[in-house]
Protein chains: 4
Amino acid sequence: MKNTFGNNISVTLFGESHGTAIGAVIDGLPAGVKVNEEFISHQLDLRRPFGKISTPRQESDKFEIVSGVFGKKTTGTPLCIVIPNENTQSKDYSKDYGKARPGHADYTAFCKYNGCEDYRGGGHFSGRITAGLVAAGAIAVDLLLKKGIKIGTHISKCAGVEDDGFSDYENDISVLSQKLFPVLNETAGKEIISNIENAAKEGDSVGGILETAVVGLPVGVGEPWFDSVESVLSHALFSIPGVKGVEFGAGFSCVDMAGSVMNDSFCLLKDKVITKSNNNGGINGGITNGMPVIFRCAVKPTPSISKEQETIDFVNKENAVLAVKGRHDPCIVHRARVVVDSVTALVLCDLLAQKYGTDWLGD
Amino acid sequence: MKNTFGNNISVTLFGESHGTAIGAVIDGLPAGVKVNEEFISHQLDLRRPFGKISTPRQESDKFEIVSGVFGKKTTGTPLCIVIPNENTQSKDYSKDYGKARPGHADYTAFCKYNGCEDYRGGGHFSGRITAGLVAAGAIAVDLLLKKGIKIGTHISKCAGVEDDGFSDYENDISVLSQKLFPVLNETAGKEIISNIENAAKEGDSVGGILETAVVGLPVGVGEPWFDSVESVLSHALFSIPGVKGVEFGAGFSCVDMAGSVMNDSFCLLKDKVITKSNNNGGINGGITNGMPVIFRCAVKPTPSISKEQETIDFVNKENAVLAVKGRHDPCIVHRARVVVDSVTALVLCDLLAQKYGTDWLGD
Amino acid sequence: MKNTFGNNISVTLFGESHGTAIGAVIDGLPAGVKVNEEFISHQLDLRRPFGKISTPRQESDKFEIVSGVFGKKTTGTPLCIVIPNENTQSKDYSKDYGKARPGHADYTAFCKYNGCEDYRGGGHFSGRITAGLVAAGAIAVDLLLKKGIKIGTHISKCAGVEDDGFSDYENDISVLSQKLFPVLNETAGKEIISNIENAAKEGDSVGGILETAVVGLPVGVGEPWFDSVESVLSHALFSIPGVKGVEFGAGFSCVDMAGSVMNDSFCLLKDKVITKSNNNGGINGGITNGMPVIFRCAVKPTPSISKEQETIDFVNKENAVLAVKGRHDPCIVHRARVVVDSVTALVLCDLLAQKYGTDWLGD
Amino acid sequence: MKNTFGNNISVTLFGESHGTAIGAVIDGLPAGVKVNEEFISHQLDLRRPFGKISTPRQESDKFEIVSGVFGKKTTGTPLCIVIPNENTQSKDYSKDYGKARPGHADYTAFCKYNGCEDYRGGGHFSGRITAGLVAAGAIAVDLLLKKGIKIGTHISKCAGVEDDGFSDYENDISVLSQKLFPVLNETAGKEIISNIENAAKEGDSVGGILETAVVGLPVGVGEPWFDSVESVLSHALFSIPGVKGVEFGAGFSCVDMAGSVMNDSFCLLKDKVITKSNNNGGINGGITNGMPVIFRCAVKPTPSISKEQETIDFVNKENAVLAVKGRHDPCIVHRARVVVDSVTALVLCDLLAQKYGTDWLGD
């Protein structure tokens, strides 16, 4: 379904960038789970604009849970989170209506919705909608933590600079969860920030790769074919604006490996089955094998740039020139990190609920 | 759902490699569409083992349509295709049961299904199941062709050799549809085949990248968020065994582009809106923009290799050594091509049916 | 899914009776449809308490559309309606927690949600949640009206009194749409109201039958088997609290008919195919035949009564006696009418969108 | 979805009455469950024509499980059952094509499928398709039995004669499971059969009411709103051809009860919570309360009758007269019984898998 995803645990999104509010409904949660509003705020903070390398639009992201929580615990019925839009400067955008921002959904939304789309600030296509996903996802992240399942994402590469890889998953994930700019190597991080600032000065933008690790998943999660872990995760990940590639384990680099290298040999470590390498990213035949689930998302450079671009005016049906004036981010990779964590958590909760039942996810 | 995919037009898979039969049910087809059995056979032929670089297992892939067709036309009710398994040599596999083939689903299936999985030849995880997908997909490919929508896939890279890129989409797609080994550059193709043969001689295997183009799609297909074209296509593509990465347009290479380069400028070509580049792969905000939809899948080297590999015996719970003896492919990239085309066609038919209604897809 | 229904057009419900707000998200609407807020208010008014025969709880039912509407027209993206809960007197209920109101979901909710349910005023099981359905449904009713499809429901029987049947569908539906107490025979209506008042005086409640007619549907709507018109309508209708029976056409009375009587003979009226009788309620094989779609819902007497009842205290695990003190309705049949119309409209929009595409439903 | 139903455990139907084969795919079953082929045959026998009161068309209903079973146990992957059509006399039907059988789907199928429907013997609308449902349902019935959950259905009323009600659920269900003509009172049964024979002699048909009891369900199964037990059961029940009404507990008769009578008082029987009456049919707020789940289906008189009927010829667009000549049943109520049991079992397995996980349903 368009704006609803998941079977046993599902999330429904709504809202436009400059409308009254955005939000999400999460359904199928187990009852009696303590809802940690501080953690939701913390996750929303990770998504918020960061320093000079983000949009000056500041939203407090004050959310209100209007249903599904009673006495600070989940009721088991739909939990609706509403986040009002506060700091909307619609004037920035309206005067340019018709001039399709290249790389953006302006033109496709115009065609799809016959000119009735809410175009202000990207409307329903705005990254702002991900705030609802993050708030809902925070609850899922928290559910998984209680089961010993941890998710962490870092900037693997951005603005031409590579971060270190994961070395100690548990520790790295823990460290990343507190970082506003999620890198494992601080020096690389500073270089990335500096490069982003330079791009911003030039009125341009940069993209990057996010790498995610999930540890603690039981063996046997996921289904063959259409509910493979890769299928459902990629479905959710490609819903995040700007994601143009998803790969698991060795991903595209598997192409240059022989089968004998790509194959992850199994062995017994005491009583535990592990693989010596993890080129399959913890997934065989669509099903978790007990190793960390590893994947990477390519996030494109933000399409909104102040540099002048050629485009069309689809209202007047003529060629045009555009320099996007509104507030925008020269890079969204660091902000997208928590969105990746959120959809990952939602998807995994759903798969676990399918296998073990909704009650299992409860306290 | 596990083995069912799609909303308005859905496909359900069933079967195990060495069971009685495999097959697919496709539901939601418009009524009155001529079913071209020759074309289904043709598509199945594209999936069949090819020369020395494929498994010696030969299946005639004789399919039987047991429902949904009357007077050679679709009835509009579920079309079930059954493909009997003929040439099954189960003895090859049974004696090694317990020794998990690295990179395969043996161990995860054992854990998930408590040792009750049909392990013969990979069971339900076998690439053989894709024959059902291809047969069902052939009908979808045919439906789209009648609407002027064409899908073509070539081996972009395999065994260390790169093919040429698409130059003339319409023509390239037409040429590829007749090729058993789908390359655009014949010299590259010969080199790839030679490299695959060499890998086979060493008891090893190779992977590759498949690149797909879809032309003729209307503007405005796909939905924001969870039914974005990328989301539903990647969902289906990652269901194909061996796919470990999916990228659209510039994909992962977007990471090294500035926004001003990545953005595809719109312009008017006579009355038609086009983009000057196509780094977004014909999709903005999850919705088609009228340019060719371009994506690539990374297909890993076949995990079944005759080289000796370390592994575990999960029955006896001990470390073990395994050289896979059964019949297997040193490369499945060329055979996976038509599976990619098939799921692409099924997904697009579903999205089009959602937008225009089931009747629109009819003749 | 639990609180989401529909494929191409779906509705998601959220909220508890005494929480912050209730509401609904409707997704898949065509873009550019004028949203008639007055009509939404009108429909909500039809659901509101009526005179002496309803709960004294008065809600203004002021709704806010927080997304999906721009310039008074639908954007085509999710439309979220929020209705704040104003007049909540939670004290009425809390002191009796543990004493399961017979006929209510108190005990089953306690068991299902491990004592974490929001019990105040019935929580998520309250009829109050239907206000969200009615608001969302109003938009669907309006969409259908523009296509010439009209839905009307009257009280067929209540408190021992029978209303007249439909005589002139178009006119009757038009008349009913303006009536707060939906009967076709005013004398019967007065008698029903009087009987309800008498039941209320005795601290008791009454139930009734709602009969619905839908005119103007094209032939060929609905699907065989699981998306039959009866299947999807009954699914939605049985979601309405208090509905314990649903029948189409002659319904249960078909049991006493011979096939030769039950069968509706087709005949040509000028060029139009009609049936002489309509015992099948406008549906053959799950698919509309062009005659009015007719169905009836049995609505049970409101379970909340002030009469003393035997029950259990599930907290203290002992037998108990209960007289429900809070505000409640001695009859909800007349209020349920517009809920029936609403879910009917939502279901039919979904089936029509499946057949003709989302765009067809637009202006 | 059209021919697929269920979330965690789903069933997909295919086939036409006079095509090659009919069948069903059941997906989501736990692995390792012994498949009792004798029981499947037994259930299919309960659906087969019975004595003089059924169609002379005799099908051996030899089914073949072509996937999903290995070593007589479920593999956990899709189980496909194929039932070949043997005894098809298509000539009976073809010469009357165009003459719409009143009460049948001939005309609606013609309109929906633009004249491309397989009209022979009712095609995809034939009751024959239910053989696939029964075979799939037999597996679900068996799963539930192992969990102590028992389903039984009897003819509550047929051909003007009423059967006794349930008195001892466990025993009655056990007795009914062995009866080809499912009545609790043998004298009533003989009278019903005699009346059916009389109707047949007159070239006419009769309908009836089936009453079902489910015992052994845990408390807390089902969901509020759209996955209420009533919603999903009715959805599946109305998919059965000929069902025109469904009611739970007191059903339509609740209309004549005061709330104080309709309400089922809770009380403690030793440590167990029961209700003194069961007017709500074991369901409060859409969720099981531990009492037997009770419902009734109205099955209309078979529309195929040999008596002459007025109708239209939709090919020649003229009024016509029709006496259905093919083989048909003067009553299908007794045969529909096992179809009701089957869909009930499938729905309950799905709801239980949602609550407790797929693994819980296994051995």
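I count two residues as in contact when they have heavy atoms within 4.5 Å. My notes are on a predicted model, where local features need pLDDT of at least 70, side-chain atom pairs count only at pLDDT 80 or more, and totals for chains, interfaces and linings use all residues. Residues are numbered from 1 along each chain as its sequence is written, chains are lettered from A, and side-chain values use heavy atoms without hydrogens or water.

**Entry 1, the interface.** I looked up who touches whom: 100 residues of chain B contact 99 residues of chain A. About 7,900 Å² is buried between the chains, 62% of it on carbon and sulfur atoms; this is the accessible area (1.4 Å probe) lost on putting the two parts together, summed over both. On the chain B side, B:Trp225, B:Phe226 and B:Lys244 lose the most area, together 13% of what that side buries.

**Entry 2, symmetry.** Next I superposed the copies by least squares on C-alpha atoms of residues with pLDDT of at least 70 in both. Chain B lands on chain A with an RMSD of 0.0 Å after a turn of 180 degrees and a shift of 0.0 Å along the axis. The copies are thus related as by a two-fold rotation axis. I also found that 99% of the interface residues of chain B are interface residues in chain A too, so the copies meet through the same surface.

**Entry 3, charges.** I find eight salt bridges between chain B and chain A, taking a Lys or Arg side-chain nitrogen within 4 Å of an Asp or Glu carboxyl oxygen. One of them joins B:Lys276 to A:Glu310 (2.8 Å, N to O).
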